[in-house]
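Biologist: I'd like to go through some of the charged side chains with you. Can you walk me through the reasoning behind each label?

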Amino acid sequence: MYKFSVIMPVHNKAATLLDSLACLYNQTFKNFEIIVVDDASTDGSLQILLQEERKGKLRLYHRDKPGPGGYAARNYGAQQATSEWLVFFDADDLLVYDHLSRFANAISENPSINFFVNAFRKMEGNIVLPRSEFLKNGVLSRQEALAAFARSDFIHMNGACIHRNTFKALGGFPVDRYLRAGDVYFWLKVICSLKMVHYDPTVTSMWLLHNSGVVSNKNNIIQTHPCLDLKREFNVGLNWFEKHYLNAAINRKILSWAVEKKIVGRSVEKDIRSLTLFSMRPRQWMTLITLIIPQPYYGRLRDRVLSG
């Protein structure tokens with residue numbers, strides 16, 4: 001039986017697919033399977049994957065017509081998994097050679113934990129963006145993990161490893177609910193549902209932002225941030241401090257989306273009304289004040305700040 005099932009959704013990723021697959025083939029830890037779900041690719045991705053399948057490198061599942069998106073593809077891949085541990089990897093990003101070995105070592109040292117996180121880096125073209133989180137290596141309590149999420153996104157799709165039973169119990173990634181950030185919603189849901197998680201500050205994956213059409217498409221942020229739904233779903237079961245940090249994390253994500261909306265001229269009234277004010281951090285108050293500025297003046301202020 002394999003130790004890990006690596007789930008990779010693919011839709012028109014021919015330009016990056018072979019590089020991403022090479023990251024998996026070059027892992028020092030070899031006891032894993034690759035499950036690829038191709039969602040009606042038309043750019044040659046399917047032909048590449050069929051060749052790799054014939055070589056015995058991966059298991060391929062293909063849809064002739066576009067499905068409901070990447071979250072559904074990941075959930076379907078998880079259903080086909082034969083291992084206890086699920087790892088997700090996007091077909092336009094990169095992994096370091098010890099990504100899986102670090103998960104394997106952490107799991108063997110912490111057999112009671114069901115969720116493991118390796119640090120990641122964002123890249124924009126050839127530029128490595130600054131890293132904002134500075135977390136300890138090892139086990140984080142639920143409160144510590146929520147407090148960390150209130151400061152920064154320390155979990156990324158490529159950097160997470162979750163026990164299959166936990167993934168199933170939580171319903172997998174949300175399908176047909178969100179156009180974007182359903183994974184952020186899910187990771188926070190995982191933290192709220194578990195008493196402990198494990199974090200490794202060693203960077204083992206690179207998120208290539210310039211390849212992410214989901215992030216660049218501003219039509220995907222019409223609604224309020226998906227994390228807002230967690231307020232209703234976890235209004236019981238958390239202690240006061242955990243609820244405070246959960247609300248602070250939700251505030252951070254709401255404000256982040258509101259800034260994106262404001263830049264492109266969309267209303268942020270609903271976002272502002274969704275904030276939990278008693279959980280606001282000092283810097284977030286400054287962001288909120290700028291969001292209240294009428295649109296024409298906001299644009300001029302932002303341009304002035306960016307120009308130095």
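Modeller: Sure, and keep in mind that this is a predicted model. Let's start with Arg232 and Asp229, whose closest N and O atoms are 2.4 Å apart.

Biologist: What makes Arg232 and Asp229 a salt bridge?

Modeller: The cut-off is 4 Å between a side-chain nitrogen of Lys or Arg and a carboxyl oxygen of Asp or Glu. Arg232 and Asp229 come in at 2.4 Å, so the pair gets the label.

Biologist: How are Arg232 and Asp229 placed in helix H9?

Modeller: They sit three residues apart there, which means a separation of about one helical turn.

Biologist: Why is Arg232 called exposed, and why is Asp229 called buried?

Modeller: Exposed needs over 50% relative accessible area, and buried needs under 20%. Arg232 has 55%, so it is exposed. Asp229 has 19%, so it counts as buried.

Biologist: What else does Asp229 meet in a salt bridge?

Modeller: The side chain of Arg177, at 3.3 Å from N to O. Arg177 is in the loop between H6 and H7 while Asp229 is in helix H9 (residues 229-233), so this pair ties together parts that are 52 residues apart in sequence.

Biologist: Why is Arg177 called partly exposed?

Modeller: Its relative accessibility is 40%, and partly exposed covers what lies between the 20% and 50% cut-offs, so that label fits. Arg177 also belongs to a network of salt bridges that links it with Asp229, Arg232 and Glu233.

Biologist: How many salt bridges does the structure hold?

Modeller: There are 17. One of them joins Lys261 and Asp271, with the closest N and O atoms 3.0 Å apart. Lys261 is in helix H10 (residues 240-263) and Asp271 in helix H11 (residues 269-273), so the pair ties together parts that are ten residues apart in sequence.

Biologist: How do you know whether Lys261 and Asp271 are buried or exposed?

Modeller: Set them against the 20% limit for buried. Lys261 is at 3%, so it is buried. Asp271 is at 2%, so buried is the word for that residue too.

Biologist: Where does Arg180 lie, and what makes its pairing with Glu260 a polar contact?

Modeller: Arg180 is in the loop between helix H6 (164-169) and helix H7 (182-193). Its side chain is 2.8 Å from that of Glu260, and the limit is 3.5 Å, so the pair counts as a polar contact. Arg180 is also buried, because its relative accessible area of 10% falls under 20%.

Definitions and conventions
Residues numbered from 1 in each chain as written. Predicted model: local features only at pLDDT ≥ 70, side-chain atom pairs only at ≥ 80, totals over all residues. Heavy atoms only, no water. Helix = DSSP H or I, 4+ residues; strand = E, 2+ residues; numbered from the N terminus. Buried < 20%, exposed > 50% of the residue type's maximum accessible area, 1.4 Å probe, protein only. Polar contact = N/O pair within 3.5 Å; in protein donor to acceptor, adjacent residues only side chain to side chain.
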